[in-house]
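This report is meant for a reader meeting the structure for the first time. Please look over the sequence and the model below, and then follow the description section by section.

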Amino acid sequence: MNGQTRSNIKIGALVDIVLKKDQPTGKLTRGHVKRILTKSPNHPHGIKVMLVEDDMVGRVQEIVGEN
């Protein structure tokens, strides 16, 4: 499932995000959603979230699974 729609993303879901520093390369980081930071229902580059792991922030590219 893609990460452009806020309603698809749940707290605790396992997601692949792209960090700001990795945007040029497109390298993905996998982790669990701690907080959803984007307020709008949709975003063309992905919904911005904070991960439980090290409080990393990035935009969701793919939703891998839910808890």
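## A hairpin, and how to read the model

Strand 3 and strand 4 form a hairpin with 5 residues between them, and in the turn Asp-54 has a positive phi of about 60°. Strands, here and below, are DSSP runs of E with at least two residues, numbered from the N terminus, and two strands pair if DSSP finds at least two bridges between them. In this hairpin strand 3 and strand 4 are paired in the antiparallel sense over 3 bridges, and Met-50 has Val-57 in strand 4 as its bridge partner.

The model is a predicted one, in which local features need pLDDT of at least 70 and side-chain atom pairs count only at pLDDT 80 or more, whereas totals for chains, interfaces and linings use all residues. Residues are numbered from 1 along each chain as its sequence is written, and side-chain values use heavy atoms, with hydrogens and water left out.

## The barrel

The hairpin belongs to a wider arrangement, in which 4 strands close into a barrel in the order 1-2-3-4 with antiparallel pairing. From one strand to the next the twist averages 70°, where the axes are lines fitted to C-alpha atoms and the angles, between N-to-C directions, run from 0 to 180 degrees. Strands of a sheet pair through backbone hydrogen bonds, either parallel or antiparallel.

Strand 1, at residues 14–19, pairs with strand 2, at residues 28–36, over 5 bridges in the antiparallel sense, and there Leu-14 stands opposite His-32. Strand 2 is in turn joined by 3 bridges to strand 3, at residues 48–51, again running antiparallel, with Val-33 and Leu-51 as bridge partners. Between strand 1 and strand 4 there are 6 bridges, also antiparallel; in this pairing Val-15 stands opposite Ile-63, and Val-18 stands opposite Arg-59.

## The nonpolar core

The largest nonpolar core, meaning a set of buried Ala, Val, Leu, Ile, Met, Phe, Trp, Tyr and Cys residues joined through side-chain atoms within 4.5 Å, has 12 residues, among them Ile-9, Val-15, Ile-17, Val-33, Ile-36, Val-49 and Ile-63. Strand 1, strand 2, strand 3 and strand 4 (57–65) each supply at least two residues of this core, and the largest share, 3 residues, comes from strand 1.

Which residues does Ile-17 contact beyond its neighbours within four places in sequence? With contact taken as heavy atoms within 4.5 Å, they include Lys-27, Leu-28, Val-49, Leu-51, Val-57 and Val-60. Ile-17 lies in strand 1, and it counts as buried because its relative accessibility is 0%, given that buried means under 20% relative accessible area, exposed over 50%, and partly exposed in between (1.4 Å probe, protein chains only). Ile-36, which is placed in strand 2, also counts as buried, at 16% relative accessibility. Not counting residues up to four places away in sequence, Ile-36 touches Arg-6, Ile-9, Ile-11, Ile-47, Lys-48 and Val-49.

## A buried threonine in a loop

Thr-38 lies in the loop between strand 2 and strand 3 and counts as buried, at 10% relative accessibility. The side chain of Thr-38 reaches the backbone nitrogen of Lys-48 at 2.7 Å. Residues touched by Thr-38, leaving out those up to four places away in sequence, are Arg-6, Ile-47, Lys-48 and Arg-59.

## Salt bridges

Side chains of opposite charge can pair when their charged atoms come close. A search of the whole structure finds 3 salt bridges, each defined as a side-chain nitrogen of Lys or Arg within 4 Å of a carboxyl oxygen of Asp or Glu. In one of them Asp-16 pairs with Arg-30, the closest N and O atoms being 2.8 Å apart; this pair links distant parts of the chain, with Asp-16 in strand 1 and Arg-30 in strand 2, 14 residues apart. Asp-16 is buried, having a relative accessible area of 9%.

Asp-55 forms a salt bridge with Lys-34, with 2.8 Å between the closest N and O atoms, and this pair too links distant parts of the chain, Asp-55 being in the loop between strand 3 and strand 4 and Lys-34 in strand 2, 21 residues apart. Asp-55 counts as partly exposed at 38% relative accessibility, and Lys-34 is partly exposed with a relative accessible area of 38%. The side chains of Asp-22 and Lys-21 also meet in a salt bridge, at 3.8 Å from N to O; Asp-22 counts as buried at 7% relative accessibility, whereas Lys-21 counts as exposed at 65%.

Definitions and conventions
A polar contact is a pair of N or O atoms within 3.5 Å; within protein, one must be able to donate a hydrogen and the other to accept it, and residues adjacent in sequence count only if both atoms are side-chain atoms.
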